Amino acid sequence: MFAQLTTETDPQARRRIADAVTIELVRHSVAEEMHLYPAVRQYVPNGDAIADKELSDHAEVERVLNELEKTDTAAAADFDALVRRLVADVTSHVQDEENNLFPALAEHAASENLLELGQKVQSAKEKAPTRPHPSAPPATAEQAAGSRRGAGRPRP
Ligand SMILES: [Fe+2]
């Protein structure tokens with residue numbers, strides 16, 4: 001989807017792809033913050049430092065997503081710059097999780113705990129908010145409670 005976001009030039013199509021990318025990234029954040037990072041704090045000796053680093057990565061990604069939402073997709077240069085930042089932030093975050101978080105968790109948590117954790121994260125991703133725009137009415141109360149995006153502008 002990142003590739004589509006960087007190559008698509010039609011403003012409306014860009015908005016649709018940006019919304020889809022936002023949904024995926026919010027699902028990732030919600031699921032990890034609900035289950036993965038608490039487990040890292042619980043099992044890994046320096047887990048707090050790792051979890052705090054990943055949380056600050058998520059906050060940065062969320063900040064870029066909020067800016068992207070406010071940016072006119074027809075303003076190509078602004079939009080492109082934000083997309084480049086988003087791709088760089090997400091790439092470096094995923095690498096950090098793969099290089100630091102997951103190896104530490106694998107070393108310190110029992111395999112049955114890891115298995116259970118994987119299932120919890122997967123199921124949380126499936127239940128996470130599916131709307132990128134908090135101003136739209138929530139589909140369910142659970143989604144409303146789970147919605148974590150900041151104030152967005154009203155959208156048609
Ligand atoms: Fe993450």
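**Notebook: helix H4 and its neighbours**

I looked first at the course of helix H4, which bends by about 35 degrees at Glu97, the bend being the angle between axes fitted to the seven residues ending there and the seven starting there. The model is predicted, so I note its thresholds: local features need pLDDT of at least 70, side-chain atom pairs count only at pLDDT 80 or more, and totals for chains, interfaces and linings use all residues. Residues are numbered from 1 along each chain as its sequence is written.

I then looked up the span of H4 (residues 76-108): its 33 residues reach 46 Å from first C-alpha to last, close to the 48 Å expected at 1.5 Å a residue, where the expected span is 1.5 Å times one less than the number of residues.

Next I checked burial, counting a residue as buried if 20 or more other C-beta atoms, placed from the backbone, lie within 10 Å of its own. The buried residues of H4 include Phe79, Leu86, His93, Leu101 and also Glu97, the residue at which H4 bends.

For the partner H3, I found an angle of about 160 degrees to H4, with the axes 10 Å apart; axes are lines fitted to C-alpha atoms over the stretch in contact, and angles run from 0 to 180 degrees between N-to-C directions. That makes H3 roughly antiparallel to H4, a term used for angles over 145 degrees.

Finally I listed contacts, meaning C-beta atoms, placed from the backbone, within 7 Å: H3 residues including Ile50, Val61 and Leu68 meet a set in H4 that includes Leu86, His93 and Glu97.

Definitions and conventions: Helices (H or I, at least four residues) and strands (E, at least two) are DSSP runs, numbered from the N terminus. A residue is buried if 20 or more other C-beta atoms lie within 10 Å of its own, exposed if 12 or fewer, and partly exposed in between; C-beta atoms are placed from the backbone. Angles under 35 degrees count as roughly parallel, over 145 as roughly antiparallel, 65 to 115 as roughly perpendicular and the rest as oblique. Two residues are in contact if their C-beta atoms, placed from the backbone, lie within 7 Å.
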